[in-house]
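Biologist: Please show me the model, and then let me ask how its terms are justified.

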Amino acid sequence: MSAGHRPPANAGPSQGFQPGAKKHLGQNFLHARDVIEKIVQAIAPKPGDALVEIGPGQGALTFPLLDRHAALTAIEFDRDLHAPLQAAARAHGQLRLIEGDVLAVDFSALAAELHAPGGRIRLVGNLPYNLSSPILFHALDHARAIVDMHFMLQKEVVDRMAAAHGSKVYGRLSVMLQAFATVTPLFTVPPGAFRPAPKVDSAVVRLVPRPSAQIGIADPALFAQLVRAAFGQRRKTLRNALKGLAEAAEIESAGISANARAEQVAVTGFVQLANRLAAR
Ligand code: SAM
């Protein structure tokens, strides 16, 4: 940290070592202490947890987590942040920094490398909003290596993640996430909690991957293909949207009307239909 950018004594922990935020990296740094404290409380780190933070930025969450938990692994893409982050972290605990793109990190291998309890890590992060869906799907690919996830995202995305069938915002993201995890929106965060302030509200969400036995999906790749096709043309009836993938009779045999649209079908309906297709 250069002396010229040293934060005033009463500044939030994220103010500090870098004057400019990079928009293309989704850099909206948290500074509201009450929000930071609420997130740390929601995560409630327990001794032995293998915490992994995505996008530590200037350390807004990292340092309070280190104060509480002593050790943490974080993945940060922005090279300009690496050295200052490492230096500032020393006063708080042991930071292991992975310098690179979170989408290139194999969470299952990381859990093994960290000797995480039960082979599973806990993921946290105020995510770069432009990458939130790819990060969520990447995490789903490694769901077995993850205990839970606490993420800050655009509120609109959290609404979609948690939406029930029948809702206008129910879609592929809702079905894919809810099939593999429980999704619990925790609280909303206003733009003023960040610097620079984003244009939209944000929200913190908790995701807990379901045990494989509870998920009951015979062929995950086929399930993903089905859900993608159903919502790819969401205004069409399933009979039409699923042409080439499922016959009307097969749709009906899963207890779903072939004249329904994707947004009217519950997650369990998609699971049943995918399993019927997998079994034929
Ligand atoms: N955690 C900090 C906070 O709350 O103030 C920063 C959050 S900011 C919304 C998102 C962070 O993710 C930034 O530090 C950004 O550089 C980082 N980031 C963006 N793309 C990334 C990627 N592909 N892999 C890892 N980190 C990334």
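The questions below go from the ligand to the largest pocket and then to the backbone.

Modeller: This is a predicted model, in which local features need pLDDT of at least 70 and side-chain atom pairs count only at pLDDT 80 or more, while totals for chains, interfaces and linings use all residues. Residues are numbered from 1 along each chain as its sequence is written, and side-chain values use heavy atoms, with hydrogens and water left out.

Biologist: What makes a residue part of the group that surrounds the ligand?

Modeller: A residue is near a molecule if one of its heavy atoms lies within 4 Å of it. Here 23 residues surround the ligand, and the closest are L30, G55, E76, D101 and N126.

Biologist: Why is the pair between D101 and the ligand called a polar contact?

Modeller: A side-chain N or O atom of D101 is 2.9 Å from a nitrogen atom of the ligand. A polar contact is a pair of N or O atoms within 3.5 Å; within protein, one must be able to donate a hydrogen and the other to accept it, and residues adjacent in sequence count only if both atoms are side-chain atoms. The D101 pair is therefore a polar contact. With L30, a backbone N or O atom lies 2.8 Å from an oxygen atom of the ligand.

Biologist: How much of the ligand does the protein bury?

Modeller: The ligand taken alone exposes 590 Å², and the protein buries 98% of that (Shrake-Rupley method, 1.4 Å probe; for residues, only the protein chains shown count as cover).

Biologist: What makes a space a pocket and not a cavity?

Modeller: On a 1 Å grid over the protein atoms alone, a cavity is a set of points where a 1.4 Å probe fits but cannot get out. A pocket is an open set with protein on both sides within 12 Å along at least five of seven lines, and its lining residues have an atom within 4 Å of a point. The largest pocket has a volume of about 480 Å³. Of the 22 residues that line it, the closest to its centre are L140, A143, F180, I215 and P220. The space taken by the ligand is the second largest pocket.

Biologist: What makes A70 and the bond between R195 and P196 worth a remark?

Modeller: Most residues other than glycine have a negative phi, and most peptide bonds are trans. A70 is not a glycine, yet has a positive phi of about 75°. A cis peptide bond joins R195 and P196, with omega about -10°.

Definitions and conventions. A molecule sits in a cavity or pocket if more than half of its atoms lie within 2 Å of its grid points. Grid points are joined across faces, edges and corners, and a volume is the space filled by probe spheres set on the points.
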